[in-house]
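Subject: Handover of a structure, with notes on its pocket and salt bridges

Dear colleague,

I am passing on the structure below, together with some notes on what was found in it. Please read the notes with the coordinates open beside you.

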Amino acid sequence: MTRPASDNASDIHSSGLKATWPRIRILRLFQEATQHHLSAEDVYRTLLADGEEIGLATIYRVLTQFEQARLLSRLHFESGKAVYELNEGHHHDHLVCVLCGRVEEFCDPEIERLQHLVAERRGFQLRDHALSLYGVCSDPACRARHGKREIDD
C-alpha cells in the first residue's frame with residue numbers, strides 16, 4: 001500500500017533527517033516500487049523516466065543517509081553491486097536468479113530454526129544472519145533470454 005508524502009516526511013523527520021524533496025521522492029519510490037531491491041542506478045533511471053532530475057551523486061548520498069537512519073537496508077548479491085530495500089523491521093532471506101538478477105524474498109521457520117541450531121551446536125549465540133540462495137528462476141522470459149547451456153551451467 002502506498003503512503004502519502006506527508007507520512008514520508010514524518011518518517012524522514014523521525015529518523016533525524018530533514019525532509020527534503022529528493023529524500024521524500026526517493027523514499028516514496030521505494031514504497032511504491034514493484035521491484036523491492038533497487039540500486040542507485042535503478043533509482044536514477046526510474047526518476048529520470050518519471051521526468052524528475054535528481055543527480056546520481058544526490059541519490060547515492062540519500063541512500064547512504066537512509067541506510068544510516070535504518071530506513072533502508074543495503075544488500076550485496078552475487079553481482080557485487082549494492083541494492084537497497086525498505087527496512088520493514090522483519091527478517092527475511094533472499095532467492096536470487098543468477099541469470100536475470102530477479103530477487104525473491106522468503107521466510108521459512110524451519111530454515112530459521114536450523115540456522116539457530118547450527119550456531120548453537122558450534123558454540124555461537126546468533127545475533128544476526130543473512131541467507132541468499134542463488135539459482136535460476138522459472139520465469140519463461142528469463143529462460144528465453146538465456147539459452148539452455150547458460151541455465152544448465
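A residue counts here as buried when its relative accessible area is under 20%, as exposed when that area is over 50%, and as partly exposed in between. Please keep in mind throughout that this is a predicted model.

With that scale in hand, the pair D42 and R45 is a convenient place to begin, since the two side chains meet in a salt bridge with an N to O distance of 2.7 Å. R45 has a relative accessibility of 48% and is therefore classed as partly exposed, whereas D42, at 15%, falls in the buried class. Both belong to helix α3, which covers residues 40–49, and because they are three residues apart in that helix, about one helical turn separates them.

A second pair is arranged in a similar setting: R113 and E110 form a salt bridge, again given as 2.7 Å from N to O, and they lie three residues apart in helix α5 (residues 109–121), so that about one helical turn lies between them. In this pair R113 is partly exposed at 44%, and E110, at 40%, is partly exposed as well. Elsewhere, salt bridges with shared partners link R25, D50 and E52 into one network.

The third pair to mention is R74 with E67, whose closest N and O atoms are 3.3 Å apart in a salt bridge. R74 has a relative accessibility of 41%, which makes it partly exposed, and E67, at 24%, is likewise partly exposed. The total for the model comes to six salt bridges.

Turning to the open space in the model, the largest pocket holds about 420 Å³. Its lining is made up of 20 residues, and those nearest the centre of the pocket are S73, L75, E85, H91 and H92. The elements that contribute two or more residues to this lining are the strands β1 (72–76), β2 (82–86) and β3 (93–97), with β1 providing the largest share, four residues. Sorted by class, the lining of the largest pocket contains ten polar residues, five charged residues and five nonpolar residues.

If you set up any work on the pocket, which residues lie nearest its centre? They are the five named above, S73, L75, E85, H91 and H92.

With best wishes

Technical notes:
Residues are numbered from 1 along each chain as its sequence is written. This is a predicted model: local features need pLDDT of at least 70, side-chain atom pairs count only at pLDDT 80 or more; totals for chains, interfaces and linings use all residues. Side-chain values use heavy atoms; hydrogens and water are left out. On a 1 Å grid over the protein atoms alone, a cavity is a set of points where a 1.4 Å probe fits but cannot get out, and a pocket is an open set with protein on both sides within 12 Å along at least five of seven lines; lining residues have an atom within 4 Å of a point. Grid points are joined across faces, edges and corners, and a volume is the space filled by probe spheres set on the points. Ala, Val, Leu, Ile, Met, Phe, Trp, Tyr, Cys and Pro count as nonpolar, Asp, Glu, Lys and Arg as charged, and the others, Gly among them, as polar. A salt bridge is a side-chain nitrogen of Lys or Arg within 4 Å of a carboxyl oxygen of Asp or Glu. Buried means under 20% relative accessible area, exposed over 50%, partly exposed in between (1.4 Å probe, protein chains only).
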